[in-house]
Amino acid sequence: MNSAFLARSFSAANQLWPHNCTRRSVPPTAAGHSRGGMALGLVALLLSAAPCLAQWSADPSVNLAIADSPGEQTQSKIRSTADGGAYISWFDNRSGGYDVYLQRIDKNGVEQWQHNGILIADRNFSSTQDYGLAVDADGNALITYRDDRFGGTQIGANLVSSDGTLLWGANGVTLTSSANGNAPKCVVLSDGTYAIGWTGATSPASVVVQRLNSGGVEQWSPPVSLSEASRPFNLSDICDGSDGSVILLWVRCSGTNCVTSNKHLYAQKLASDGSPSWNSGSPVIVFNTTSLQTANFPTMVADGSGGTVTSWYETGGSRNAYVQHLDADGNSLFPAPGSVVNTTAGVYRISAWADYDRTTGETVAVWTQSNTTQSMWGLSAQKFDETGTRLWGDGGVELLPMSTNQSSFARVVSYAGGAIASAFDARSVTTGVVIAARLDSDGSPLWAGTAIEACSVESGKSRLDAAQNGCDLLLTWGDSRFDARDIFIQNVKANGSLGPTVPAPGDMNCSETIDLNDIEPFVTAVLNANAYNAQFPCCNIAAADMNEDLLVNGVDIALFAAALIGN
């Protein structure tokens, strides 16, 4: 091979890795090997260096603060991106008024924008409501919120690119017919458009939804409104229904006063033109026996085939928690009103949360459980097959045994045929920790002690949210360990450990061995770090730094070849 060409290639500009890069401890590798140099001659096309960026904390008492400016930061949400990273949003009162902020992290937990995030909307509200966050196929974040910047209160939205550009302008878009609207939610639809729904300030309240194109232009004029005389509707959630359709879930109050009357759960799918497509245009009644808890708004998850899975709990009757799967036509696939999460007598089941595994067609759920006097609390999980049959026994799997510590904000994501659950576990009336537990496909705990602590700091906790990036469980919550409240995040790996992935040198595809299959990803790593991270979101590019000089460049080639041949 031409030595001058190699010299030119290997002298490409190298980028120093950050000081806070977490490094592995490995034995030195033998120096260059002629056969290895020939085997990897093609990597002389090397163009650029790749930084090691590992910010996740391996210590549950030192979680990563994503927003810790003065004042209160609260109500964080997290949504994963295709490259293994995530967006985190929150309300921020650092300068008066709960403003809307956003941050993006890469798969190693490294902030991609300025610390404490970028401002999306400078508002003047003295209190908060729910809002929406979603990620589209291009890796942009869609965020919707109540907006009072332009007179009165309306529903605002913006689309934010991965570099922090506000794609719909500094002020975003304001939705027509949204005056005094409340608690907006958003979703990216299968055809690449967006839907935003909210509770309309009509009398009685209604559910309103608008469809936007990629430029933020409204597609329905006027927005679609669902209402009923003398019966308030409150939007509960919104999800993709496939083929450009959107599924709406709402709470229907059985009387004019939502606090004093029973609250039931209704659903409808709207086609891409806004027309209702389920039940001949009438809503599908998901639950109308006892009542939902006041101010409880169940969530949905799309099944990828035009249907949706939802979970909820009742405040009367047997105090059951339920899971229901509606197919693409709005038919209930589980027994009416839904499959109960367990059949244990003498317990209350509350705060159910479900996720759907598109690979297996199974549904996993987690819930808080208490005795009838609500003096003892625990956390349990269940899995259902496609017919709603309980797969982990009629009692489910116990994640936290009954004790005086009250669990709350239970969350679950499907993972490898099983599930990873998380929750707050109280340590006093005002303090708690964050726990997580992984279950195998048969419900067997995979981590020692069943549950591990993702955050061991006993402090005030608020509004846990969870996402799964294909590799790790990602958690965010409000935490008052230092002041009124800050926003923290933490990853939990599939083996129950925390912190960055520490790879073996040369193991570029995370197979835990070094072989010929590592050559192509090694070349990709030294040529294009972004391409490597996108192709191997669960791996750490630091595996390519064979000589541990905090650089990935041509100097690493001979050592990689030696390691490859030595194995």
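A disulfide is a pair of cysteine sulfur atoms within 2.5 Å. Keep that in mind, because the tour starts with these links. One more thing before you click: this is a predicted model.

**Stop 1: the disulfides**

How many disulfides does a search of the whole structure find? The search turns up three.

Select cysteine 471 and cysteine 538 to begin. A disulfide joins the two, with 1.9 Å from S to S. Look along the S-S bond: the torsion there is about -90°, so this disulfide is left-handed. Now zoom out to see what the pair links. Cysteine 471 sits in the loop between strand S30 (461-468) and strand S31 (473-479), while cysteine 538 sits in the loop between helix H4 (529-535) and helix H5 (555-566). These are distant parts of the chain, 67 residues apart. Turn on the surface and check both ends. Cysteine 471 is buried, because its relative accessible area is 8% and buried means under 20%. Cysteine 538 has a relative accessible area of 33%, so this cysteine is partly exposed.

Next, select cysteine 510 and cysteine 539. They form a disulfide too, with their sulfur atoms 1.9 Å apart. Cysteine 510 is in the loop between strand S32 (486-492) and helix H3 (519-527), and cysteine 539 is in the loop between H4 and H5. Here the partners are 29 residues apart. Which of the two is buried, and which is partly exposed? Cysteine 510, at 34% relative accessibility, counts as partly exposed, whereas cysteine 539, at 6%, counts as buried.

Before moving on, click on cysteine 186. This cysteine is in no disulfide: the nearest cysteine sulfur belongs to cysteine 239 and is 12 Å away. Cysteine 186 counts as buried, at 8% relative accessibility.

Now pick cysteine 253 and cysteine 258, which form a disulfide with sulfur atoms 1.9 Å apart. Their link is right-handed, with 100° about the S-S bond. Cysteine 253 has 0% relative accessibility, so cysteine 253 counts as buried.

**Stop 2: a four-stranded sheet**

Stay with cysteine 253 and color the strand S15 (residues 246-253). Then add S14, S16 and S17. Together the four strands make an open sheet in the order S14-S15-S16-S17, with antiparallel pairing. Which strands are at the edges? They are strand S14 (233-240) and strand S17 (284-287), each pairing on one side only. Tilt the view to see the twist, which averages 30° from one strand to the next.

Now focus on S14 and S15. These two run antiparallel and are joined by seven bridges. For one example, select leucine 235: its bridge partner in S15 is tryptophan 250. Keep tryptophan 250 selected and add Phe233 and Tyr266, and you have one aromatic cluster.

**Stop 3: aromatic rings**

There are more rings to visit, since a search of the whole structure finds 15 aromatic pairs. Select tryptophan 90 and tyrosine 101. Their pair is stacked, with 6.1 Å from centre to centre and 15° between the planes. Tryptophan 90 lies in strand S3 (residues 86-92) and tyrosine 101 in strand S4 (residues 99-105), so the pair ties together parts that are eleven residues apart in sequence. Are these two residues buried or exposed? Both tryptophan 90 and tyrosine 101 are buried.

Add arginine 94 to the picture. Arginine 94 lies over the face of tyrosine 101, at 4.0 Å from the ring centre. For another view of this kind, jump to arginine 481, which lies over the face of phenylalanine 488, at 4.0 Å from the ring centre.

**Stop 4: a hairpin**

Select S6 and S7. Strand S6 (residues 132-135) and strand S7 (residues 141-147) run antiparallel, joined by four bridges. Find alanine 134 and look across: leucine 142 in S7 stands opposite. The two strands form a hairpin with five residues between them. In the turn, click on glycine 139, which has a positive phi of about 80°.

**Stop 5: nonpolar cores**

In soluble globular proteins, nonpolar side chains tend to be buried together. To see a case here, select Met508, Phe522, Ala525, Tyr532, Ala544 and Phe560, the residues with the most contacts inside the largest nonpolar core, which has 21 residues. H3, H4 and H5 each supply at least two residues of this core. Apart from it lies another core, of 20 residues, including Ile420, Val434, Ala466 and Val492.

Definitions and conventions. Residues are numbered from 1 along each chain as its sequence is written. This is a predicted model: local features need pLDDT of at least 70, side-chain atom pairs count only at pLDDT 80 or more; totals for chains, interfaces and linings use all residues. Side-chain values use heavy atoms; hydrogens and water are left out. Two strands pair if DSSP finds at least two bridges between them. Axes are lines fitted to C-alpha atoms, for helices over the stretch in contact, and angles run from 0 to 180 degrees between N-to-C directions. Rings of Phe, Tyr and Trp (its six-membered ring) pair if their centres lie within 6.5 Å; planes under 30 degrees apart count as stacked, over 60 as edge-to-face and the rest as tilted. Buried means under 20% relative accessible area, exposed over 50%, partly exposed in between (1.4 Å probe, protein chains only). A charge sits over a ring if NZ of Lys or CZ of Arg is within 6 Å of the ring centre and within 35 degrees of the ring normal. A nonpolar core is a set of buried Ala, Val, Leu, Ile, Met, Phe, Trp, Tyr and Cys residues joined through side-chain atoms within 4.5 Å.
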